[in-house]
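Please read this briefing alongside the sequence and the coordinates. It deals in turn with strand pairing, a pocket and salt bridges.

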Amino acid sequence: MQVVWFKRDLRIHDHDALKMAASQGRILPIYILEPELWAQPDMSARHYAFLCDCLHDLDVDLKRIGLRLIIRIGSATEVFENLRQKCSIDALWSHQETWNTWTYKRDLMVKSWCQSHGITWHEPPQNGVVRRLKNRDGWAASWATYMSRPLTMAPQLNAPLGDIASNTLPSAADLGLAKDGGTMIQAGGRKRATKVLDSFLNLRGETYTRDMSSPLTGTDSCSRLSPHLAFGTLSTREVTHAAEARARTLADLPPMMRGKWPSAMKSFSARLRWHCHFIQKLEDAPDIEFKNLHPAYDGLRPIDATSDRLDAWREGMTGYPMIDACMRSLRATGWLNFRMRAMVMSFASYHLWLDWHVTSQHLARMFTDYEPGIHYPQVQMQSGTTGINSIRIYNPIKQSIDQDPDGIFIRRWIPELRDMDPLFLHTPWKMPSALNTYPMPIVDEAIARRSAADLMFELRKNNPDHKATAQSIVKKHASRKQTRSKRIAKTTPKDPAQQEFPF
């Protein structure tokens with residue numbers, strides 16, 4: 001019996017582990033619902049709802065090839081031991097996984113269990129992330145080589161195993177996952193994933209390069225594939241192949257018929273590489289989920305999970321319309337475009353001086369597309385604790401005016417401001433007379449920004465070991481597109497979109 005353990009790869013197409021296992025014998029496809037994982041502080045009901053959609057579609061697709069998905073509830077080692085006692089397990093198959101610290105420790109226990117019972121655990125890669133990587137030299141070429149490989153077709157009809165019991169999925173409430181305010185959460189599953197990919201590549205994505213920055217246009221112009229990549233209903237290789245095929249089709253068209261599509265496909269393809277680039281950071285340094293990438297920033301901000309500032313930020317009640325609209329929108333939809341993600345994190349870390357350990361967990365629960373390998377490097381980048389990125393403090397008033405000049409996004413998510421005079425919509429505290437219950441600013445934007453910048457630059461300037469440590473971080477984690485010296489001293493690119501993800 002070849003046990004195929006589905007984790008964050010909930011599909012049968014381009015699934016190397018499934019294909020390879022099918023060539024060795026009869027397959028038992030299994031998904032283990034681990035209550036302890038869902039009790040972790042970064043998990044939420046919206047994640048679970050998306051997962052359930054994905055498992056439904058996976059079971060449907062497996063039945064088309066003569067299999068069915070077995071669901072078991074419990075710890076992975078207990079589930080596998082129960083199977084081993086009832087049937088002979090020849091091998092265990094699953095893709096390599098880079099996820100949170102809990103799953104990393106769980107995999108170590110599964111590895112020990114396999115070794116103690118003489119069971120080989122095969123773990124082919126699935127996204128271009130390389131295990132046991134010493135540094136980033138040659139990483140981009142390795143990623144390109146992996147992505148250029150042919151897609152793996154789903155295996156042919158496979159003789160099913162005997163009657164093996166499957167558990168019923170518990171409700172979110174059974175797992176202790178409380179309702180979290182999500183009213184318009186993106187649905188999951190392979191069927192929806194392929195439709196989203198097709199609509200982006202052929203209908204929605206033409207103005208993606210220009211429109212990704214705005215919360216108004218990003219909702220439609222961004223790919224919206226990020227939760228599907230996080231849960232693996234699509235593989236990164238599938239999406240890369242599809243984007244490259246679309247680019248080739250466009251290249252065959254007369255120039256006047258291409259529109260802005262070539263630029264969109266070029267930008268999107270680059271960000272697919274960045275997707276794995278950031279996951280590689282967590283693979284190489286799993287403790288950045290909990291520790292500052294650069295130790296000079298340890299203790300920089302107080303860790304307080306009960307502060308009034310934290311509550312105001314989480315609830316969208318800071319008094320800054322664009323911040324609050326984003327946080328309320330995120331609670332309802334589970335998604336924000338990248339520029340706004342960076343802005344709300346920057347505001348929390350600099351203006352409110354909140355520690356990223358606390359704020360990152362709230363965002364992890366709110367993002368339906370939560371991907372730890374992207375999430376933790378990004379929150380540290382926006383908090384200035386990587387030591388190798390420029391200190392970039394977003395001005396929420398400027399972003400509000402630039403990205404939502406007519407206040408369409410703000411009025412949608414902040415009903416208190418729907419009747420506000422347009423002259424004061426971005427700075428409602430300047431209104432001569434109060435017409436609503438919207439709060440006053442929780443901090444003075446300019447004073448808070450200057451204070452944070454002074455503290456950050458002073459630390460970088462006065463810490464004698466800062467530069468040397470930063471150089472070692474660059475060697476291990478940074479892209480090789482720039483020289484090390486330029487990366488350490490770099491400034492914000494002229495085109496902010498160069499730093500933004502499409503998802």
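What follows is a short account of a predicted model, grouped by topic.

**Strand β2 and its neighbours**

- Strand β2, which spans residues 27-33, is mostly covered, since seven of its seven residues are buried.
- The covering extends to both faces of β2, with I27, P29, Y31 and L33 buried on one side, and L28, I30 and I32 buried on the other.
- That division fits the general rule that, in a regular strand, side chains alternate between the two faces of the sheet.
- Strand β1, made up of residues 2-6, pairs with β2 in the parallel sense over five bridges, and within this pairing F6 has Y31 of β2 as its bridge partner.
- Strand β3, made up of residues 70-73, also pairs with β2 in the parallel sense, here over four bridges, and in this pairing I30 stands opposite I70 of β3.
- Helix α1, residues 16-22, joins β1 and β2 in a β-α-β unit that is right-handed.

**The second largest pocket**

- The second largest pocket holds about 520 Å³ of space, and 21 residues line it.
- Of these lining residues, Y104, D107, L108, R131 and R132 lie nearest the centre of the pocket.
- Two elements, α5 (101-116) and α13 (261-284), are those that give two or more residues to the lining of this pocket, and α5 supplies the largest share, namely eight residues.
- By chemical character, the lining of the second largest pocket divides into eight nonpolar, five polar and eight charged residues.

**Salt bridges between parts distant in sequence**

- A search of the whole structure finds 21 salt bridges, and one of them joins the side chains of R237 and D14, with an N to O distance of 2.8 Å.
- R237 belongs to helix α11 (residues 236-251) and D14 to the loop between β1 and α1, so this pair ties together parts that are 223 residues apart in sequence.
- Both partners of this salt bridge, R237 and D14, are buried.
- A further salt bridge connects D180 with R46, whose closest N and O atoms are 3.0 Å apart.
- Because D180 lies in the loop between α6 (139-148) and α7 (190-204), while R46 lies in helix α3 (residues 45-64), the pair ties together parts that are 134 residues apart in sequence.
- R46 counts as buried because its relative accessibility is 2%, and the cut-off for that class is under 20%.

**A salt bridge within one helix, and a network**

- R84 and E81 form a salt bridge in which the closest N and O atoms are 2.8 Å apart.
- Both of these residues lie in helix α4 (residues 76-86), where R84 and E81 are three residues apart, or about one turn of the helix.
- The two partners fall into separate exposure classes, for R84 has a relative accessible area of 31% and is therefore partly exposed, whereas E81, at 18% relative accessibility, counts as buried.
- Salt bridges also link K7, E34, E97, R106 and D107 in a network, and D107 is one of the residues that lie nearest the centre of the second largest pocket.

Terms used: Residues numbered from 1 in each chain as written. Predicted model: local features only at pLDDT ≥ 70, side-chain atom pairs only at ≥ 80, totals over all residues. Heavy atoms only, no water. Buried < 20%, exposed > 50% of the residue type's maximum accessible area, 1.4 Å probe, protein only. Pairing = 2+ DSSP bridges. Right-handed = clockwise from strand over helix to strand, strands pointing away. 1 Å grid on protein atoms, 1.4 Å probe; cavity = no way out; pocket = protein on both sides within 12 Å on 5 of 7 lines; lining within 4 Å. Points joined across faces, edges and corners; volume = space filled by probe spheres on them. Nonpolar A, V, L, I, M, F, W, Y, C, P; charged D, E, K, R; others polar. Salt bridge = Lys/Arg side-chain N within 4 Å of Asp/Glu carboxyl O.
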